[in-house]
Amino acid sequence: MKVLVLNSGSSSIKYQLFDMRDESVLAAGSIEQIGEPGSHLSHRVRTPKGEMAKTVRTLAISDHRQGFQLISSVLRETGALADTGELKGIGHRVVHGGEKFKEPARVTPEVLTAIRALIPLAPLHNPANLLGMEVAMESAPAVPQVAVFDTAFHQSIPPHAYHYAIPKKLYETHQIRRYGFHGTSHRYVAKKAAEFLDKPLESLNLISLHLGNGASAAAIQQGKCIDTSMGLTPLEGLIMGTRCGDLDPAIIFYLARETGLSSEEIESILNKESGLKGICGVNDMRTVGEMAQAGDPEAQLAIDMYCYRIKKYIGAYHAALGGLDGLIFTGGIGENANFIRAGCCQGLAHLGLEMDTGKNRGPREGCSAIESGASRVKILVIPTNEELEIAEQTMACLEADESRSTLCLRQQ
Ligand code: ADP
């Protein structure tokens with residue numbers, strides 16, 4: 001019972017092959033720089049001893065079609081997958097599902113057309129995701145394919161939280177509203193938190209903080225997302241590696257007026273030159289932490305601003321949820337940067353959040369709780385696993401399809 005998960009970018013394809021009987025990873029890897037001189041494949045496969053053996057091959061990979069064929073052949077050669085016929089399904093990460101996709105969808109020509117129609121909302125991501133699906137369908141036509149959307153988990157957000165206070169016509173004609181991203185990760189860690197706390201997810205109010213290069217917060221009420229910090233695009237909300245997050249929109253017009261920069265140039269500054277990089281020159285939180293330790297005031301300011309923004313969201317979502325059971329940290333920064341977790345929770349005892357400094361600093365594996373005995377709210381560090389969540393949702397979608405068709409046959 002094998003499921004292949006594909007995450008296709010404009011010049012890359014990342015993949016993981018799962019054995020869904022025990023959800024173990026049989027192989028994983030990526031193809032990078034497709035169509036460029038340095039194109040290469042990096043592949044890890046589970047050995048009979050259970051270790052992951054790594055190989056890297058530098059070779060000319062001209063397009064995604066060739067990339068997919070290379071993935072199939074390396075999976076075959078390394079014994080992970082005898083044939084694509086062995087696959088129960090292929091799950092694809094799709095960034096934007098708009099308002100149409102509230103659940104994962106079996107990929108059909110109609111679904112591809114609907115995802116294509118959403119390209120204006122995600123011009124960088126949806127075309128690459130589509131290409132990955134088209135190539136996989138051509139190369140393995142007998143294998144069912146499922147699209148799993150980053151936006152789907154946030155489709156439960158109510159209108160008062162997803163509308164912007166702009167003319168309603170702009171929503172009606174241009175679909176301008178809050179969509180949110182990182183949904184697969186927020187959903188996965190919320191489920192894991194419920195498992196870890198041994199409580200039904202439907203009984204919990206959670207705030208999930210996905211802090212990676214991109215970063216977002218989600219307010220989850222009884223298992224359903226009711227608000228999230230990213231908006232129409234991933235630019236809104238928290239401070240990120242190179243993205244500014246929340247901003248007075250008038251800054252854009254002021255900048256255009258004062259500097260003559262084009263809207264593309266301003267967009268590029270806000271997406272690629274801002275956030276941690278804009279404040280202290282570096283976008284990698286590990287380096288920012290080291291610089292702050294060494295006394296760099298700009299790095300310290302970046303950390304202070306980063307944590308302060310998150311604290312404002314914790315306060316806002318605490319109010320929106322009407323009470324909080326757990327705060328979840330995930331993503332590269334959330335899972336590893338104890339100084340950020342400490343900064344985000346500092347001074348929040350009045351909201352019931354009290355961290356145990358020793359537990360926060362200590363080594364960890366898997367899910368862990370880092371609140372003190374006095375804390376009313378659980379503070380959890382949960383490693384995310386978006387690929388596994390996509391594989392699980394792929395299985396669930398295919399099983400639901402199978403049971404629907406069995407029911408149809410019985411009714412005929
Ligand atoms: P992506 O969003 O690309 O998946 P990740 O979730 O891997 O990114 O997060 C990358 C971020 O995590 C980087 O800013 C990196 O510096 C940070 N990070 C990873 N390990 C540590 C660590 N030990 N201490 C501080 N930051 C870390």
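This report describes the surroundings of the ligand and the second largest pocket in a predicted model.

**Domain layout**

The protein is divided into two parts, domain 1, which covers residues 6–149, and domain 2, which covers residues 202–381. The C-alpha centres of domain 1 and domain 2 are separated by 30 Å.

**Around the ligand**

The shell around the ligand consists of Gly212, Asn213, Gly214, Asp284, Met285, Arg286, Gly331, Gly332, Ile333, Asn336 and Ala337. Sorted by class, the residues of this shell are 3 nonpolar, 6 polar and 2 charged. Oxygen atoms of the ligand take part in the polar contacts listed in the table, where the protein partner is a side-chain atom of Asn213, a side-chain atom of Asp284 and a backbone atom of Gly332.

| Residue | Protein atom | Ligand atom | Distance |
|---|---|---|---|
| Asn213 | polar side-chain atom | oxygen | 2.9 Å |
| Asp284 | side-chain N or O atom | oxygen | 2.5 Å |
| Gly332 | backbone N or O atom | oxygen | 2.8 Å |

The ligand on its own would expose 580 Å², and the protein buries 68% of that area. Two elements, helix H10 (285–293) and helix H12 (331–336), each give two or more residues to the shell around the ligand, and the largest share, 4 residues, comes from H12.

**The second largest pocket**

Where, relative to the domains, does the second largest pocket lie? Because domain 1 (6–149) and domain 2 (202–381) both contribute residues to its lining, the second largest pocket lies between them. The space in this pocket amounts to about 390 Å³, and its lining is made up of 20 residues, with Glu103, Phe153, Arg187, Gly223 and Lys224 lying nearest the centre of the pocket.

Which elements supply at least two residues each to the lining of the second largest pocket? They are strand E8 (145–149), helix H6 (183–197) and strand E11 (224–228), and of the elements contributing to this lining H6 gives the most, with 4 residues. By class, the lining of the second largest pocket divides into 7 nonpolar, 7 polar and 6 charged residues.

Terms used: Residues are numbered from 1 along each chain as its sequence is written. This is a predicted model: local features need pLDDT of at least 70, side-chain atom pairs count only at pLDDT 80 or more; totals for chains, interfaces and linings use all residues. Side-chain values use heavy atoms; hydrogens and water are left out. A residue is near a molecule or strand if one of its heavy atoms lies within 4 Å of it. A polar contact is a pair of N or O atoms within 3.5 Å; within protein, one must be able to donate a hydrogen and the other to accept it, and residues adjacent in sequence count only if both atoms are side-chain atoms. Accessible areas come from the Shrake-Rupley method with a 1.4 Å probe; for residues, only the protein chains shown count as cover. Ala, Val, Leu, Ile, Met, Phe, Trp, Tyr, Cys and Pro count as nonpolar, Asp, Glu, Lys and Arg as charged, and the others, Gly among them, as polar. On a 1 Å grid over the protein atoms alone, a cavity is a set of points where a 1.4 Å probe fits but cannot get out, and a pocket is an open set with protein on both sides within 12 Å along at least five of seven lines; lining residues have an atom within 4 Å of a point. Grid points are joined across faces, edges and corners, and a volume is the space filled by probe spheres set on the points. Domain bounds come from an automatic or database domain assignment.
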